[in-house]
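Trainee: Please choose one part of this model and take me through it closely, together with what surrounds it. I would like the terms explained as they come up.

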Amino acid sequence: ITLTSLTTAVGFFSLTFSESPPFAHLGIISGIGVLYAWLLSLTLLPALLVLLPWKARREAMLLPDSGWQALHAFIARRPGTIVATALTLGIASAGFAFTNVLDDRYVEYFDERFEFRQATDYLNEHVGGFYTLEYSLDSGTPDGIAQNEYLRQVDALAGWLRGQPEVTHVAALSDIMRTVNRGMNGGQEEAYVLPSDSSRAAQYLMLYEMSLPVGLDLREQVTADKSASRMTVGLENLSTNEVLALVDRAGAWMSDNAPALAEATAATGTTVLFSHIGQRNIEQMLVGTFLALSAISLLLFFAFGSAVLGSAGIATNLVPPLASLGGWALVVGEVGMAVATIAAVTLGIVVDDTIHFIEAARQARRRGLNASDAVLQAMQKAGPGILGTTVVLAVGFACLALSGFQINAWMGLMTAIVICVAFVFDMLFLPALLIYMRNWK
């Protein structure tokens, strides 16, 4: 119990490596909760069992001994085949895990029951542009936004962006200058062009600002010293990868066609922030998962005093998360940033069953039983508890799939899947491996 509590806490504490505060807080709170549960399990629970009246049922929990004997007989007849088959299927499925596409659309974090989602869907369908890119286009000098070359480059960038299929609309200073120029020339359509020289553009800009009602000036579109202007780009309902691809294409176009703007311009805004945070979260969680795996491995090697048993425990629990992600890739094909936390969290949870099973088998071996009989006794002793905890954990996490918030739903569903796959490995692969190795101590 002490060892399983430590490994579970380590798995949750690894979430602190996430740069997303909700995940980090989840890891800290859950890890502390696991340690409190360990403390109460060794103090309050024994006291209650002494003080309260209770009776033990004669039959085994969930599955009778005959069921475990039948399963053991099946495994003992072909342990090598089961080990090879489980590893082959697990590794083959794990190979698909890396084909998942990171595809976070933060509007779709909420399902259709939320008014926010209903409103944004209507906006994207009928108006377009809930997702936006923001550019601060710096001229490099005070009053530089009225210079001909600057306006030409801003207008060219706006025109290029409007030609991209992902873009719904573009709002730029050059549009204002075109409109004012047309108004100053009798509203003729052929006058919808940029002013012919910089001084005229500066006069038009001042005239436009003076003609605006109070509170509707250009403070949100130009800086106080007139050195930079704002460009807002509305987008279709894009995934994070599609947003970042458009940002990269825009940056490459500016480098080739508007070098003065490219030097000090980078796309920003909430859309860009969410597009980067998913990838950053995965990168950080890879570090957290590696450290959690290293810590759990050391705990297993130290507790079992055997590199063989420690390696068997790690193999039994490392394959299920990767195999589950591979299955997810075949069925869904895309993951959000929440799924990046699955490997670290589930590793700390599912290793508990492996520890109970190996410890029960070790105790049987100490009493002089051979490997096959030790495995049978471990299945009868630890199997009911492992089956019970698997059902409880899988059902508990699967309840999160009912959440209207996609991050919670996907994390709960994936965790439940990993727990079930890990149970199959604990009850098939691990017993077969221990029987196949025979001479472990």
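Mentor: Two residues touch, or are in contact, when heavy atoms of one lie within 4.5 Å of heavy atoms of the other. The model is a predicted one, in which local features need pLDDT of at least 70 and side-chain atom pairs count only at pLDDT 80 or more, while totals for chains, interfaces and linings use all residues. Residues are numbered from 1 along each chain as its sequence is written, and side-chain values use heavy atoms, with hydrogens and water left out.

The part I have chosen is the sheet. It is open and has 3 strands, arranged in the order 2-4-3 with antiparallel pairing; helices (H or I, at least four residues) and strands (E, at least two) are DSSP runs numbered from the N terminus, and two strands pair if DSSP finds at least two bridges between them. The edges are taken by strand 2 (131-138) and strand 3 (167-171), each of which has a single partner strand, so one side of each is left without a neighbour in the sheet. On average, and ignoring direction, neighbouring strands here are turned by 20 degrees against each other (axes are lines fitted to C-alpha atoms, for helices over the stretch in contact, and angles run from 0 to 180 degrees between N-to-C directions).

Taking the pairings in turn, strand 2 is joined to strand 4 by 8 bridges, and the two run antiparallel; within this pairing, Ser 136 has Arg 230 of strand 4 as its bridge partner. On the other side, strand 4 (residues 228-235) pairs with strand 3 over 4 bridges, again in the antiparallel sense, and here Val 170 is matched with Val 233 of strand 4. Although strand 2 stands at an edge, 6 of its 8 residues are buried, so the strand is largely enclosed by the rest of the structure (buried means under 20% relative accessible area, exposed over 50%, partly exposed in between, with a 1.4 Å probe and protein chains only). Helix 7 (residues 148-162) lies across strand 2, strand 3 and strand 4, and runs at about 5 degrees to strand 4.

The loops that lead into and out of these elements deserve attention as well. Between strand 2 and helix 7 lies the loop that holds Asp 143, whose phi is near 60 degrees, a positive value in a residue other than glycine; with a relative accessible area of 49%, Asp 143 is partly exposed. The loop between helix 9 (198-211) and strand 4 contains Ala 224, which is exposed at a relative accessible area of 82% and whose C-alpha atom is separated by 32 Å from that of Ile 277, 53 residues away along the chain. Lys 226 is found in the loop between helix 9 and strand 4 too; this residue is not a glycine, yet it has a positive phi of about 60 degrees, and it is buried, with a relative accessible area of 18%.

Which residue meets Lys 226 in a salt bridge? The partner is Glu 209, at 3.5 Å from N to O, a salt bridge being a side-chain nitrogen of Lys or Arg within 4 Å of a carboxyl oxygen of Asp or Glu. This pair links distant parts of the chain, with Glu 209 in helix 9 and Lys 226 in the loop that follows, 17 residues apart. Glu 209 is partly exposed, with a relative accessible area of 24%.

A second salt bridge reaches the loop between helix 7 and strand 3, where Glu 166 is placed: the side chains of Arg 249 and Glu 166 meet at 2.9 Å, N to O. Arg 249 belongs to helix 10 (residues 240-257), and the two partners are 83 residues apart. Glu 166 counts as buried at 14% relative accessibility, whereas Arg 249, at 32%, counts as partly exposed.

One further surrounding element is helix 8 (residues 173-183), in which Asn 181 has its place. At 7% relative accessibility Asn 181 counts as buried, and, leaving aside residues up to four places away in sequence, it touches Ala 191, Val 193, Leu 194, Pro 195 and Tyr 204.

For the wider setting, the salt-bridge count comes to 11, and a network of these bridges links Glu 112, Arg 117 and Asp 121. In helix 14 (residues 342-366), Glu 359 and Arg 362 are 3 residues apart, about one turn of the helix, and they form a salt bridge whose closest N and O atoms are 2.7 Å apart.
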